[in-house]
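Q: Please take a close look at the aromatic side chains of this structure. What do they form, and what can be said about the parts in which they and other notable residues lie?

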Amino acid sequence: MRRFLHITICVALLCGLGARCVRAETGADAWLRYAPLDKSVAEKFSALPESVVVLGDSPILNSANAELIRGIRGMLVRTLREEKNLPRESAIVLGPLSALRADSPKLFEQADLHEDGFLLATEKLHGIDCLIVTGTTDRGVLYGVFALLSRIARGESVSPLHEKQQPYAPIRWVDQWDNLDGRIERGYAGPSIFFENGNVRADLTRVGEYARLLASIGINGCAINNVNANPRVLEDSFLPQLARVADVFRPWGVRLSISVDLSSPKVIGGLDTFDPADPRVAEWWRKKFDDIYRQIPDFAGVVVKADSEGRLGPATYGRTPADAANVIARALAPHHGIVFYRAFVYNHHLDWTNPKNDRAKAAYDNFHPLDGKFGGNVIIQIKHGPIDFQVREPVSPLFSGLEKTNEAIELQVTQEYTGQQRHLCFLPPMWKEVLDFDMHAGERPTPVKDIVAGKTFHRPMGGFVAVVNVGMDANWLGHPLAMANLYGYGRLAWNPNLDSKTIAEEWTRLSFGNDPAVVQTISGMLRASWPIYESYTGPLGAGTLTDILGSHFGPGVESSERNGWGQWHRADHDGIGMDRTAATGTGYVDQYSAPLAKKYESLKTTPDELLLFFHHVRYTYVLHSGKTVIQHIYDSHYEGAEQAANLVQQWKSLKGRLDEERYAEVLNRLEFQAGHAIVWRDAVCNWFLQISGIPDKLGRAGHYPDRIEAEAMQLQGYVPFEVVPRETASGGKAIECAPPARECSAAFRFDGAAGQYEMDVEYFDQNNGKSKFRVLVDERIVDEWAADDHLPAAKPGGDSSTRRRIIGLALRPGDNIRIEGVPDGAEHAAVDYIEILPSPRP
Ligand code: GCV
């Protein structure tokens, strides 16, 4: 502890003397860094009381107290004195409203706080100035402390203070898709913090740290295992392990939940059925929850995925989702537990040859007829769009299709279809569009945020859920900037009326400090990033054109077609898009309220960004923007790739203003993204060029004058091969150094003018080997590296295609350029092409 204090004081002194405050950071502290404030900012808080009093005693209040002391010590280099009773000097007073009743009856009367709300108030207690942090619950007090510390970290005044905040909805949860073996489905930041080798981890330190982060943004529940649930989680022998997690969550006000498999009564319960209508099944669930609550009295409830993607469900017995949800809900009700039943129920063996089939209709078709049939402690958890977290989808019509049922919106922090934390994609702007979207479900505006919060249809319960999937990586989500999505989710779940700019700036200040250049640049990059990602991956609402049968990462335009998964875009030689109109299509539009159905039925009133979701049009169809669909596809992909490259430049402008660790890590990811955006651009443009036969007016697609294809070089040991799908490699081909070859080379003569150049080597970095590469110019090594990234690919293609940029190359005509590859394991040092451009780039 002394050592910690010493370091903190030194850093603070240095900062005070004007030295640039850059301390080593792993990202583990996320937005709770409590870094020492610049002297000028710290001075604003000189009047802050010197002591803290806690009125009450509970694990959550203890966390609040410890957090306050930790935060003030970190930021202001002061250690608050802990007093047992109200002191005679000014103090920070923490405690639930009930504890303040006697000392401040006025505050008690006027506070008007709902559950989990809080009040920060400068008040006199017995004639002494105090800074009071209070709430109706201990959790509210904890949230108040985090809000107070956030204000200080952002340099906002705290005296005098009168700030009241109420959460928008009671449900503010996160889900983790962690498997018991420690892997995480759609997780991109290392193994599970909860499980390892089939059990809950012995060391739950990270779980406690995660709970603290969640509490700091107002999250009050967490389901810790995959919705594709292993029934073992309910075995008697497993329950004590769950109780250990609940114990770690509790001091942070986060309640434990688990995902359960509906077939559990049969698979682990020894019954010959899991039919929800069978009394033995009902009894099994009742006993199971009685057991759970004996060990975890504040257990929050369960999440259910059923009749979906191979999961068993009530359909096995001809029962409905309401039958299944209610049998569990009845067993949970005496303990005040909740069932989140996911509306993600669909048939993934749809007949793709039938133009009337439409996966987008499934949630509404399955759940709307059951409205009013679900128990009071059931919440229907609805993905924000009707398909599956694509880069752009319309809002799910089910939100307005359930008036007598509790609802929660399901968002995705883990970037499954939005770049998997390799690409920067700040999602709050997308979520804001969804939450603010008016469903026209009544006389007055009925935005999604009000429906899910229970305000529109006067439901007692409802709110927000996000799939997060943090992992053991020190920085939680892999990309240091991806944590802005978790922060943004929490802030929106607490208050969906916040705007994305405020959220981006808050997060940047808390995570990187208050340097105006840093705040402006990073928050600007964040806000630009979703449109950038959309522009090179999913045009006009067609869906993310990724490999939907595999990783969901790189381009795979055709993977969604001619199979039963129903993520069709129906692109053919003449046109593209799903006809979902009532007149000629699948009739999906009729699931919306009349004004929206009318809007989407018509080509004229459908917004460009959703055109291909609702309509099938010819490539020559002219958008509201004045461009044809095909030219939009070319232009947006080229613009998007350029903007991705520009993110790198913006980030570089911050060199020296940030800690080296996070600076380097982000730069690395942005450079990868800039290269991968070109892979996306070329794959999508070439695919559409080929299928439509319509050239790019600007002559870019299909023409690469600065590119030397690897298969056209002089090869020694390397052998050309066809890459599948062909659009994921330049010219459809690449070269590989396959066994028995142990080292190969590919060479060519440079025939440009003498000068300074940059050279990009496009190669394939698979996850099943660590090939080595060297580039030589006239026998001089100019670069060498290992292909040792962990991309989701075991073969050459759009998932593994990676760019290496060699800068500052002096070249003369006639120079011999050679790339040498040494394969490793199943990775054959494959190379796609080399591109040489003058430096600086035109
Ligand atoms: C956990 C998508 C994902 C699956 C996920 C599923 C769901 O299909 O690709 O990994 O399963 O959604 O939300 O249940």
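**An aromatic cluster and other local features**

A: One aromatic cluster is formed by Phe-194, Phe-195, Tyr-210, Phe-238, Phe-249 and Trp-476. The model is predicted, and every value below is computed from it.

The description of such a cluster begins with pairs of rings. A pair of aromatic rings is described by the distance of the centres and the angle of the planes. With rings counted as a pair when their centres lie within 6.5 Å, the structure has 36 aromatic pairs. Phe-194 and Phe-195 form a tilted pair, with 6.2 Å from centre to centre and 45° between the planes. Both Phe-194 and Phe-195 are buried.

An aromatic pair elsewhere in the chain has another geometry. The ring centres of Tyr-588 and Phe-613 are 5.8 Å apart and the planes meet at 65°, so this pair is edge-to-face. Tyr-588 belongs to the loop between strand S17 (575-576) and helix H18 (594-601), whereas Phe-613 belongs to helix H19 (residues 611-614), so the pair ties together parts that are 25 residues apart in sequence. Tyr-588 and Phe-613 are both buried.

Trp-476, a member of the cluster, deserves separate attention. Its place is in the loop between strand S16 (462-467) and helix H15 (483-494). Trp-476 counts as buried because its relative accessibility is 0%, and buried means under 20%. The backbone at this residue is also notable: the phi of Trp-476 is positive, near 80°, although the residue is not glycine. Most residues other than glycine have a negative phi, and most peptide bonds are trans.

A positive phi is also found at Glu-309, which is not a glycine and has a value of about 50°. Glu-309 is placed in the loop between strand S12 (301-304) and helix H11 (321-332). Its relative accessibility is 28%, so Glu-309 counts as partly exposed.

Glu-309 leads on to the ligand. The ligand is surrounded by 14 residues, and the closest are Glu-185, Lys-305, Glu-309, Lys-383 and Glu-416. Several side chains have polar atoms beside oxygen atoms of the ligand. For Lys-383, an N or O atom of the side chain is 2.6 Å from a ligand oxygen atom. For Asp-388, the corresponding value is 3.0 Å. A polar side-chain atom of Asn-228 lies 3.3 Å from an oxygen atom of the ligand.

Aromatic rings also take part in arrangements with charged groups. Arg-707 lies over the face of Tyr-704, at 3.9 Å from the ring centre. The charged end of Arg-707 also sits over the ring of Tyr-833, again 3.9 Å from its centre.

Another arginine, Arg-669, has its place in helix H21 (residues 660-692). Arg-669 is buried, because its relative accessible area is 13%. Leaving aside residues up to four places away in sequence, Arg-669 touches Gln-421, Arg-422, Gly-478 and His-479.

Strand S7 (residues 171-175) contains Ile-171. Ile-171 is buried, with a relative accessible area of 4%. With residues up to four places away in sequence left out, Ile-171 touches Asn-220, Ile-338, Phe-340, Ile-379, Gly-462, Gly-463 and Phe-464. By contrast, Asp-29 and Ile-171 are 25 Å apart from C-alpha to C-alpha, with their positions 142 residues apart in sequence.

Helix H6 (residues 138-153) may be considered next. H6 has 16 residues and spans 23 Å from its first C-alpha to its last, close to the 22 Å expected at 1.5 Å a residue. Of the 16 residues of H6, 15 are buried, so the helix is largely enclosed by the rest of the structure. After H6 comes Gly-155, whose phi is positive, near 75°.

The loop between H6 and strand S6 (162-165) holds Pro-160. The peptide bond from Ser-159 to Pro-160 is cis, with omega near -5°. Ser-839 and Pro-840 are likewise joined by a cis peptide bond, with omega of about -5°. Pro-840 is found in the segment after strand S29 (831-838).

To return to the cluster, its members include Phe-194, Phe-195 and Trp-476. Phe-194 and Phe-195 are buried, and Trp-476 counts as buried at 0% relative accessibility.

How values were computed:
Residues numbered from 1 in each chain as written. Predicted model: local features only at pLDDT ≥ 70, side-chain atom pairs only at ≥ 80, totals over all residues. Heavy atoms only, no water. Helix = DSSP H or I, 4+ residues; strand = E, 2+ residues; numbered from the N terminus. Buried < 20%, exposed > 50% of the residue type's maximum accessible area, 1.4 Å probe, protein only. Contact = heavy atoms within 4.5 Å. Expected span 1.5 Å × (residues − 1). Phe/Tyr/Trp six-rings, centres within 6.5 Å; stacked < 30°, edge-to-face > 60°. Lys NZ or Arg CZ within 6 Å of the ring centre and 35° of its normal. Near = heavy atom within 4 Å. Polar contact = N/O pair within 3.5 Å; in protein donor to acceptor, adjacent residues only side chain to side chain.
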